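Here is a friendly walk through one small set of topics: charge pairs, a nonpolar core and a surface patch. Have the sequence and the 3D view open as you read.

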Amino acid sequence: MAGKQVPNADATVALARGTLDAVTQQRTTFADAVKAGLVKIDGDPRKLDELMSMLDTFKVMFEVVEPKPSGQ
């Protein structure tokens, strides 16, 4: 939630929504976004690495099937 912080947080991360979207859509990586200056980390950056290592990566396993238009 914007503007909410724990006073003794190990790290604080700030980034634009567009950067988060690019990472989640795998158009860039979080590490590359940090290197490009699109992500600001205050505190211990290893804590962010620790958090990211706990996240799963999902692959698309099937195509979305849409109904055929009528008449085909």
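## A charge pair to start with

K40 and D42 are joined by a salt bridge, and their closest N and O atoms lie 3.8 Å apart. The model you are looking at is predicted.

How open to the surface are the two partners? K40 has 52% relative accessibility and so counts as exposed. D42, at 40% relative accessibility, counts as partly exposed. The cut-off matters for K40, because exposed means over 50% relative accessible area.

## Salt bridges within helices

How many salt bridges does a search of the whole structure find? The answer is four. As background, side chains of opposite charge can pair when their charged atoms come close.

One of the four links R17 to D21, with 2.9 Å between the closest N and O atoms. Both residues belong to helix α1, which covers residues 17–24. They sit four residues apart there, so about one helical turn separates them. R17 is exposed, with a relative accessibility of 61%, while D21 is partly exposed at 25%.

Helix α3, residues 45–53, holds another pair: E50 and K47. Their side chains form a salt bridge with an N to O distance of 3.7 Å. Here the spacing is three residues, which again means a separation of about one helical turn. E50 is partly exposed, its relative accessible area being 41%, and K47 is partly exposed too, with 33%.

## The nonpolar core

Turning inward, which residues make up the largest nonpolar core? There are five of them: V23, F30, A33, V39 and L48. They count as buried, because a nonpolar core is by definition a set of buried residues.

L48 is a good residue to click on next. Setting aside neighbours within four places in sequence, L48 is in contact with V13, F30 and I41. Of these partners, F30 is itself a member of the largest nonpolar core.

## A nonpolar patch on the surface

V13, which contacts L48, also takes part in a nonpolar patch on the surface. Its companions in the patch are L15 and L20. Together the three residues have about 190 Å² of accessible area.

L20 lies in helix α1, the helix that also carries the R17 and D21 pair. With 36% relative accessibility, L20 counts as partly exposed. That value also fits its place in the patch, because patches are made of residues with over 30% relative accessible area and no salt bridge.

Definitions and conventions. Residues numbered from 1 in each chain as written. Predicted model: local features only at pLDDT ≥ 70, side-chain atom pairs only at ≥ 80, totals over all residues. Heavy atoms only, no water. Core = buried A, V, L, I, M, F, W, Y, C linked by side-chain atoms within 4.5 Å. Buried < 20%, exposed > 50% of the residue type's maximum accessible area, 1.4 Å probe, protein only. Contact = heavy atoms within 4.5 Å. Helix = DSSP H or I, 4+ residues; strand = E, 2+ residues; numbered from the N terminus. Patch = residues over 30% accessible without salt bridge, like charges linked within 9 Å, V, L, I, M, F, W, Y side chains within 5 Å. Areas by Shrake-Rupley, 256 points an atom, 1.4 Å probe, with all protein chains shown as cover.
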